[in-house]
Every structure is written in structure tokens, then in C-alpha cells.
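Grab a pen and have a go at these exercises. Try each one yourself before you peek at the solution.

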Amino acid sequence: MSALAADRTGAPAILAGRGGVFGAMSDWVWRHPRMFLFLMLTPPVLWLGIIYIGSLFALLLQSFFSIDEFSGLINREFTLKTYGELFLPQNVDIVVRTVLMAALVTIASAIVAFPIAYYAARYAKGKWKAAFYLGVMLPLWSSYLVKVYAWKLILAKEGILNWFLAKLHLTWLLDAWLALPIVGGNSLSVSYTGTFLVFVYVWMPFMIVPMQAALERVPGNLIEASADLGAAPRQTFRNVILPLAMPGVIAGSIFTFSLTMGDYIIPQIIGTSRLFIGQAVYAHQGTAGNIPLAAAFTVVPIVVMGFYLWFAKRQGAFDAL
Amino acid sequence: MSSDRSQRAPVGLKVAAAAGLLFLHLPILIIFVYAFTTEEKSYVWPPPGFTTQWFAVTWNRPDVWEALTLSVQVAAISTVIALVLGTLCAAAISGTSFFGRETISLLVILPIALPGIITGIALRSAFSLAEIPFSFWTIVLGHATFCVVVVYNNAVARFRRTSGSMIEASMDLGADAFQTFRHVILPNIGTALVAGGMLAFALSFDEVIVTTFTAGQQQTLPIWMLEELVRPRQRPVTNVVAMVVVIVTFLPILAAYYLTRDGDQIAGAGK
Amino acid sequence: MTPAVSFTKVSRHFGAVRAVDAVDLEIAEGEFFAMLGPSGSGKTTCLRLIAGFEQPTSGRIEIFGENAVGVPPYRRNVNTVFQDYALFPHLNVADNVAYGLMVKGVAREERSRAAEEALALVKLPGYGARKPGQLSGGQRQRVALARALVNKPRVLLLDEPLGALDLKLREQMQEELKSLQKQLGITFVFVTHDQGEALSMADRVAVFNDGKIMQIGSPQEIYRRPATRFVADFVGSSNILPPDFMQRYAGQRRWGSLRPEHIRILAQTSGDGVPARVAALSYLGAGTRVSLDAEGLRLHAVVDSGGALPAPGDAVVLTFNRDHVHVMDEPA
């Protein structure tokens, strides 16, 4: 007979609790799971609700104030005047420039990111897969400012890019590009081309991650099935892979678009003197002290992103996040 | 699409992927070269000579040390706050389903989904409306807010893998709520929390956009870098600091990767 | 004698869903008790009510005569073997088994000795240092069993304990569980959707449907004398005979059931009995299962594979002994 045999001598079926404060608290938690859930949620919800959502409302509120042109003081009366100022030609300019840049950066990021994501999802295995993953994660997480700084070094007149082009005897090509209107300028570091390059560099990794996730979910046999049905690789790519990867592309574009639209540091350090939304917000709240206009400006990316997210959700992009 | 027995990658794809990865990594490598250059006044390439003297110069710069200390303090405290809030939120969200669950996960993600400048100016305008003077704590307030999501993402993924029946098994075997937390929940989510904490630390350590709005006169290391970027004064020192920052941020990322690699991935989209 | 577990009008409702609905139940001490039913029938919720993971919406639950309502699982001297085993992945096998003793504050030496003993009981001696991830499904299940038994529970609950095992292992574990229960004399309550398992292992079976118990009885009673159509249909492969059919051939206007092995097939087109047509044959080894169409009523018979077999399409006449027809409690 085993020592583990049933104890028929009357071992209690219900044991005494551990007792003490901890025992009582534990019993309370078990008896009131909803209350416990509520207690767990209270600190994070209070923090985010009061500090973050509260601040957003404070910002929104300020966008309905206006600034007194003579005294420079904020007039705390409800008005839509500040929003009207958004439609001044110079401000419309800023919005259009920013949205256009964000769109171009997104498209370019998608093009550069796709081969990496596709290779990592479909061909890389084992050690290589891990290497690809870290190869994307390390630049993604490494310091934003250092990355911008690196490009300041690269694009400088005496920097590596010009040196490299000179070695290849291609300086004329760069000069020809810089002579073009709009995209050109005195040098790359003070042109839209420079701003664009740095934006793509900094935000592109955010495109790779969801794109790869979406591509991983395309079953391999689907591609084989397509090939089996007589589709050329190009057709398979266009009709099977691309549509299935699209939610990932859209998910990634949320990041590249949103991050580009809100950035005020990159265009300040590398680019022309013309403002982007982020710079306008920064300038209005800072030196100009026109918080209402700055607040109204921030509503623009919120609204644009709202539409963008709504569109992305309809395309099923959130499953790829 | 993990297996592809018959095909090898087309050469064009290989070249494009390799080029893309080079594009991501070369600029960071260039930082390492510049840290050793003898050139002081310009960004000339190739460097005319190499030296390690700038490391000593940087070492003796009190402003760099002050900025670094502030950054580490802010990141440490923000990480602790984010760990507490993010874990509580993840535990509540993954344990049960309740009305408003979706709203709460949206609330956590929002500070990172909206451009940083919005978070920054929103906090600044709230501080000014509430007449809160800028201080160390206003920086922490901002940082902790957007760090919560990183911890949350890591913790939620792990909570999902820690099956609910494991908690029931522990209680069934006689462990009360506290014993279950200590002996079962904590050991199982521990590495995910450490990973989340490291990423939160890296995120806070590097943050500049929100910080410029909440910092007042104080300089974190990124703010110091930004000053140097806008008005370069000490290029060689900046080069060295940039290199150190790269190394300091790589370490927690690598550690986080190794802690979470089996199963869930570090939430890259959480930055 | 005090029952090991007793339910008095126990209900558990989740919103509008009545997972368990006014169930009365008594499980005797030392009994091997099976709760059988399809998924969603309330059997697992009943088990969870005994373990304490669920609280009844109404009714009274007693374990060895002591009130269990409002008592958390960690204060019940009842242990569970989970369907997915729920072993702790961060602990090795010995620490998994000793977990219950550890949280009760038993000294390290004593609990490792008890763990080793429990592992020997489930035929896994010397496995203590391994991690659960290094074990096969069958071994994990034995560890889960040892982890529960080491606490000397007064009632052991098993939630679909063999569901994840393959057939061969399942049969072996059925026998082992049965002999373990005999050896230890602990009350076993196990949940299953597999009627074969319930009938072969349990002393008594409760058949669940829609949150209610349809019938409680010994395996023989359940198999031979199903109380309702649901039981007849769910337990084994009985033919269910509608009241009209019963009126004509058995003289009672009630629902009835008839086991396939009790139907005889006569190769003739007319005569005394039920005219039918052979629809299909399936070979089962010793026997052959014949599907029959008796004027629209689908019946099954099992005949000896060695004898003469009818062919599909044949017109036949079916006969059976009236004593073999079981009249169910369920009204027409």
C-alpha cells in the first residue's frame, strides 16, 4: 500500500486559510475578481487618462483660443479664428508640403523595404533569419539623433558622399541634380532631396517589420499553387504576393506617414528653410508664443492620421501590426 | 511562406535586400570612424588621421556627464513607472474580457501612434494651463507615458502564452494569490518584463521630441546632441558621444532580443 | 456515509447561458465517477465548481459534508489534473510535483522525498531533474497526476485526462488510472466526452446535456437502459425507436432503444418482422455493421462477419426479441 493512499482517518476536505493579512487579502481577491480587475486598471487608466488624454484636451481647447495681435497675449474666448489662419496661403503651403513629403517618403520606404522583408520572410532561415531580424531591429532602435547626425556627416560638402562621387567621376551628376528646381539646392544638406533621404533612412525600418509579418503569413503552397496553375513568377508576384502583402504595407505606412508628418528635427537640420508642420508648431509655440495656432496646426496631422487609420482599418491592416 | 524547397532567391532580390541592409547600417558605421578622426573643424572624409584623444576630452567634459546623468535618471524612473503601469494593464487585459477592453488598449498605444510632437506640445500646454513649472518630473511624466506601451506589448504577448490553467493549477495545489504571483506568474513573465524594461529604457534614453517640450532648462543627452547638431561647437566630442550612444542603446536591444527570442518578438513597432 | 461531493440544486449561469442548471449530484467516497457529455454540456463547469474555479450562481456544494461555496481553490483538499496538464514550464519535474507541498511550507528534504515517491507511483522514477518541455505527452500527464496525488487530496479531479494522447497510450493509461484508483482508494471524478472511456473506467457515470444531468448510473445501466433518447444516442450506438414504431412492433407507445447486436437479419422479402432494405455494409473486424432502411427509419445491426452477409440493395426482414427492446422514461 502506497503512502499516498487515501487518508480515511478524516483529513479535512476544507483546509484552514493561511490566515493573516495576506491570507485575507488573497481570499478577497478571489471573491471579488471584478473589483480586483478594476483596481489593477485604475493606475494605468488614471495616468494615461489624466496626463495624456487630459493634455490632448488641453491642447484641443487652446486651438479654440486666439492670440491678441497687439499685446501678444492669449485671448481665452472661444473662436474659430485660429483655425481660419490655417487657411492662409503660407500655412496651406506648409500642410501641402508636409503631406506630400510624408507620402513620398512612405512610397520610397515601401520600395526599399520590400526586398528586405520579402527575402527575410521567404528565403532566410535559422541563423540568417535571426541576423535579418537584428539587422532591422538595431537600426530601428538606435538613436534617432545619432542617425540624423550620421547623415549630416554623410551629406556635408566635404563628406563621404561627395568624396565617393568624385572618386567615381560622377560629381557632374550630383551637380546636375542639384541644379534642378525644387529638389535641388546649394548642396544636398540644404535641399529637399537631403531631407527626403534622411526621412527614408530613419523611418524605413518601421515599414519592414509589419511588411515581413504580413509576408510570413502568405502560405508557401499558395505560391506553388500559383506557379502550378501556370503563372509566371512576375504574375505570381503581382496577383498573389502583392495583394496579400498589402495589409502589411499599409500597416507600415501608418508609421512612416505619421512619423514623417510629425517630425520637426530632420527638416530643421537637413533641408531648406521652408517649414514643415512640425517646425511650424515648434516655432509658433516657442518664439512666437502663439500656442493657439500651434495647437490648431497639430490638429492637422491628427485629422489626416484619423482618415488614414480609418482607411487602414478598412483594408485590414491592423491584423498585420 | 516559411519554406520554399524548390526555389532559390533570385539574384536581383538578393542584391536589393543586401543593398537595403547596407543602406541601414553604413551610416551608423560611419559614426564609429568619425569618433577617431583627428579633424576638428569640419566633417572631412576620409579622416586625415586617427586618434583616441577625443575620448579623453569627452571624459573630462562636465556638461556631457551632467546630460548623461540626467538621461539615465529620467530613463530609470520612467522605466520603473512604465513597468508598473504596463504590467498592470497587460495583466488586466489578457486575464479577462470586459467591456471597454479595446478602448484601454487603444489608450495605451495612442501616445506612440500619434506623432511625438503632439504628445510634446499637448503636455506643454497642459503644464502651462495648470501652471506646473518645468522640472525633472515633467520630463519623467512625458517619458513614462510613452514607455508604457513598450512594456505593455512585451507583457501582453507573454501573458497570452502563460496559459490561464497554469494559474488555476497553482491555486488548485494550494497556493493563494500572492504565492501564485511569486512562484508562477513572476517567473513566467519575468524575462518579458526585463525585455520590456530594457526597451523602455532605450526609448526614454534616446527621446528628444517630447523632451524638448517638457524639459525647461535641463539638458538630457539627446537635447545636448540636438544643440550640437543645430549649432556645432565641439564636433569631435559630438562624434564620440554619438558613438557611445549607439553602443549604449545597442546593448539593451540585444539583451531584450535574447530574452524574448523563443516565441514572441520584441515589439519593434512599439517605438 | 457522507458523500465525497454533493450538489444540491446547483446552477452556474454565464449571463443568459445556463452552463449548469439545477444539478443534484452525489459522489460516494472512494468512487471512480465519470461525467460524460458533449462539449458545452456542463460537465467541465461541474468539475470546475468542485475545484473552486467557478462559483455557483445558486445552490449548495459540499465536499465531505463541508460547505464549499465561497471557499477558494487553494483551501480545498481537492486536486485537479488539467486537460493541458498545466505543468509549470519554469520548474523541473521534481519541483512541479513538490509545488503543492512547497506552498504549504513542507521542508525541502521531506518534499523531495515525497515527490520522488509520487513519481515512482506514476512510473517515472528518476525523472525529477528534467524540464516539462523535455517530456512526451504521456509523461507530462503522469507528472500532472503525480503533482496532484502528492498532496493526498480527498478528491482527485481529472479534466479530459486522456484527450491529448494517441489511442494506444490512451488504452494503457485507462488501465493504469483504474488500478491506481483502486490502489489508492481516493475518490476520482473525471470528465470526458468519450463514452467508451467513461464506460470502461467508471464505477458510475453521469450523462450531461444542456447543463442538466440526463441519467446517473452504472455503466451497465447507462448502456442497457438509457433513460432518454439523448443518452441512448450519445452512449454507444443504440438504435432509437420512435413511438409509432414501438406501437407497431413492441406494443407500447413510448420511445425505445435497441442495441445493434440484438437485431437479426433474415434474407427473405416477406414474413414476420420489420421489412427493410440494406443500405450499406461496413466491416468492423469480428462483426460487420449493416445499415438498414426500414420504411424510412434508419437502423443499424451488427452481425457476425463469419456468417452469410446480405448485399446492399437486398430486401430483408428484421426480427428481434421484445425483451431486448428497452423502453425509455422519456414520454412520447
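Here come four exercises on this predicted model, each with a worked solution.

**Exercise 1. Strand pairing in chain C**

Find the strands that pair with β14(C), and work out the sense of each pairing.

*Solution.*
- Step 1: Start with β14(C) itself, which covers residues 274-283.
- Step 2: Look across to β17(C), residues 315-319; these two strands pair in the antiparallel sense over four bridges. One place to check is Val274(C), whose bridge partner in β17(C) is Leu318(C).
- Step 3: Now try β15(C), residues 287-294, which pairs with β14(C) in the antiparallel sense over six bridges. Here Ala280(C) stands opposite Ser291(C).
- Step 4: Check the turn. The hairpin of β14(C) and β15(C) has three residues between the strands, and Gly285(C) takes a positive phi near 110° there.

**Exercise 2. A helix in chain B**

Is α5(B) largely enclosed or largely open?

*Solution.*
- Step 1: Get the helix's length. Residues 116-129 make 14 residues, and the span from the first C-alpha to the last is 20 Å, close to the 20 Å expected at 1.5 Å a residue.
- Step 2: Pick out the residues under 20% relative accessible area, the cut-off for buried. Among them are Ile117(B), Ile121(B), Leu123(B) and Phe127(B).
- Step 3: Draw the conclusion. Ten of the 14 residues are buried, so α5(B) is largely enclosed by the rest of the structure.
- Step 4: Peek just past the end of α5(B), where Glu131(B) takes a positive phi of about 55°.

**Exercise 3. Two positive phi values**

His169(A) has a positive phi, and so does Tyr85(C). For each one, decide: buried or exposed?

*Solution.*
- Step 1: Place His169(A) in the loop between α7 and α8 of chain A. Its phi is near 60°.
- Step 2: His169(A) has 65% relative accessibility, so it counts as exposed, given that the cut-off is over 50%.
- Step 3: Place Tyr85(C) in the loop between β6 and α2 of chain C. Its phi is about 70°, although it is not a glycine.
- Step 4: Tyr85(C) has a relative accessible area of 6%, so it is buried.

**Exercise 4. An odd peptide bond**

Which residues of chain B does a cis peptide bond join, and where is the proline?

*Solution.*
- Step 1: Check omega: it's about -10° for the bond between Trp45(B) and Pro46(B), which is cis.
- Step 2: Locate Pro46(B): it's in the loop between α1 and α2 of chain B.

Note on methods: Residues numbered from 1 in each chain as written. Chains lettered and ligands numbered in written order. Predicted model: local features only at pLDDT ≥ 70, side-chain atom pairs only at ≥ 80, totals over all residues. Heavy atoms only, no water. Pairing = 2+ DSSP bridges. Expected span 1.5 Å × (residues − 1). Buried < 20%, exposed > 50% of the residue type's maximum accessible area, 1.4 Å probe, protein only.
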